[in-house]
Amino acid sequence: MSDPAIGGRTPAAVEVTAGEELWWCACGLSSSQPFCDGTHEDTEFSPVQYIAPETKRVFFCTCKRSKNAPLCDGSHKELPL
């Protein structure tokens, strides 16, 4: 499996509501980062479902390197410039 494209270099802060279902872009090609817009159709990647456990602000990964996907774990800090 190849690496996904880098969709961004900073996490995306999003206010979520308990029970809300969102689909995180795993390919990095979506123009609506951090969420899926269907661009993955011709790739080996599939979006990742996220259901908010509670109402709060969460930080979604945009670099697509997080070990805690779809949430940011700071991996963007290790990206080459």
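**Exercise 1. Describe how the side chains of Glu-15 and Arg-57 are joined, and where Glu-15 sits.**

Solution. The side chains of Glu-15 and Arg-57 are joined by a polar contact of 2.9 Å, where a polar contact is a pair of N or O atoms within 3.5 Å and, within protein, one must be able to donate a hydrogen and the other to accept it, while residues adjacent in sequence count only if both atoms are side-chain atoms. This is a predicted model, in which local features need pLDDT of at least 70 and side-chain atom pairs count only at pLDDT 80 or more, whereas totals for chains, interfaces and linings use all residues. Residues are numbered from 1 along each chain as its sequence is written, and side-chain values use heavy atoms, with hydrogens and water left out.

The next step is to place the residue: Glu-15 belongs to strand E1, residues 12-16, and strands (E, at least two residues), like helices (H or I, at least four residues), are DSSP runs numbered from the N terminus. Along the sequence Glu-15 and Arg-57 are 42 residues apart, yet in space they are 4.3 Å apart, C-alpha to C-alpha. Not counting residues up to four places away in sequence, Glu-15 touches Glu-20, Lys-56 and Arg-57, a contact being heavy atoms within 4.5 Å. The last step concerns accessibility: Glu-15 has a relative accessible area of 52% and is therefore exposed, since buried means under 20% relative accessible area, exposed over 50% and partly exposed in between, with a 1.4 Å probe and protein chains only.

**Exercise 2. Find the aromatic pairs and state how the planes of their rings are set.**

Solution. The rule is that rings of Phe, Tyr and Trp (its six-membered ring) pair if their centres lie within 6.5 Å, and that planes under 30 degrees apart count as stacked, over 60 as edge-to-face and the rest as tilted. By this rule the count comes to 2 aromatic pairs. In one pair, the rings of Phe-35 and Phe-60 have centres 5.2 Å apart and planes at 70°, so the pair is edge-to-face. This pair links distant parts of the chain, with Phe-35 in the loop between E2 and E3 and Phe-60 in strand E4 (residues 56-60), 25 residues apart. Phe-60 has a relative accessible area of 0% and is therefore buried.

In the other pair, the rings of Tyr-50 and Phe-60 also have centres 5.2 Å apart, but their planes stand at 85°, so this pair is edge-to-face. Here too distant parts of the chain are linked, Tyr-50 lying in strand E3 and Phe-60 in strand E4, 10 residues apart. Tyr-50 counts as buried because its relative accessibility is 10%. Taken together, ring pairs link Phe-35, Tyr-50 and Phe-60 into a cluster.

**Exercise 3. Which residues have the most contacts inside the largest nonpolar core?**

Solution. A nonpolar core is a set of buried Ala, Val, Leu, Ile, Met, Phe, Trp, Tyr and Cys residues joined through side-chain atoms within 4.5 Å. The largest has 16 residues, and those with the most contacts inside it are Val-16, Leu-22, Tyr-50 and Phe-60. At least two residues of this core come from each of E1, E2 and E4. Among the residues that Val-16 touches, leaving out those up to four places away in sequence, are Leu-22, Ala-52, Val-58 and Phe-60.

**Exercise 4. Locate the cis peptide bonds that end at Pro-34 and Pro-70, and examine the backbone of Lys-64.**

Solution. The bond from Gln-33 to Pro-34 is cis, with omega near 10°, and Pro-34 lies in the loop between E2 and E3. The bond from Ala-69 to Pro-70 is likewise cis, with omega near 15°, and Pro-70 has its place in the segment after E4. That segment after E4 also holds Lys-64, whose phi is near 65°, a positive value in a residue other than glycine. Lys-64 counts as buried because its relative accessibility is 7%.

**Exercise 5. How many helices and strands does the protein chain have, and what share of its residues is buried?**

Solution. The protein chain has 0 helices and 4 strands, which follow the pattern β-β-β-β along the sequence. Buried residues make up 37% of the 81 residues. Of the contacts with a separation of 6 or more, 61% are between residues 24 or more positions apart.
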